[in-house]
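Thanks for making time this morning. I would like to walk you through one model, beginning with a term we will need and then going on to a few side chains.

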Amino acid sequence: MDRGHRAVPHTADVRIEAWAPDRESCLAEAVAALVQTFVDTTGAHPDGETTVELPADRDEDLLVGILDEVIFRLETEGTVPLATEARLSADGLRVCWHTVGTDAVELVGAVPKAVSLHELQFAGTDSGWRCAVTVDV
């Protein structure tokens, strides 16, 4: 299975979908999908790095947690991830982001406010992992 992501039409919000061969890559694709809904990162170069530990709860909780953390960092630090690396750790999931300040990217869409739990999907199948989530803007 290839990796990828997309935004799909949704009334008054943004719905993103992501897919990848494994859970961690699918989470990274979901982060990329979220970021692409509101900024153009073309030509941007990382100027920081952030590491986050997420508890290894249910898969859906990991998806919500990683996207909520992107929104939190955007609001509190003014940073967005350009690249995401996610790996299992002894305590759960370790996420490393290569980040850039919002002043170095162009705003192209509504800034996300929260992740909705309505119609949240995240599961593995024989052919890989897929997720879909609605983000309030």
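When I call a residue buried, I mean that its relative accessible area is under 20%, with exposed meaning over 50% and partly exposed in between, using a 1.4 Å probe and protein chains only. Please keep in mind that this is a predicted model, in which local features need pLDDT of at least 70 and side-chain atom pairs count only at pLDDT 80 or more, while totals for chains, interfaces and linings use all residues. Residues are numbered from 1 along each chain as its sequence is written, and side-chain values use heavy atoms, with hydrogens and water left out.

Let me take the cysteines now. Cys-96 is buried, because its relative accessible area is 12%, and Cys-26 is buried as well, at 0%. A disulfide here is a pair of cysteine sulfur atoms within 2.5 Å, and a search of the whole structure finds zero of them. For Cys-26, the nearest cysteine sulfur belongs to Cys-131 and is 3.9 Å away. Why is Cys-96 without a bond? The closest cysteine sulfur, in Cys-26, is 19 Å from that of Cys-96, which is too far.

Turning to Arg-23, this residue counts as buried because its relative accessibility is 16%. The side chain of Arg-23 makes a polar contact, at 2.7 Å, with the side chain of Asp-59, where the term means a pair of N or O atoms within 3.5 Å and, within protein, one must be able to donate a hydrogen and the other to accept it, residues adjacent in sequence counting only if both atoms are side-chain atoms.
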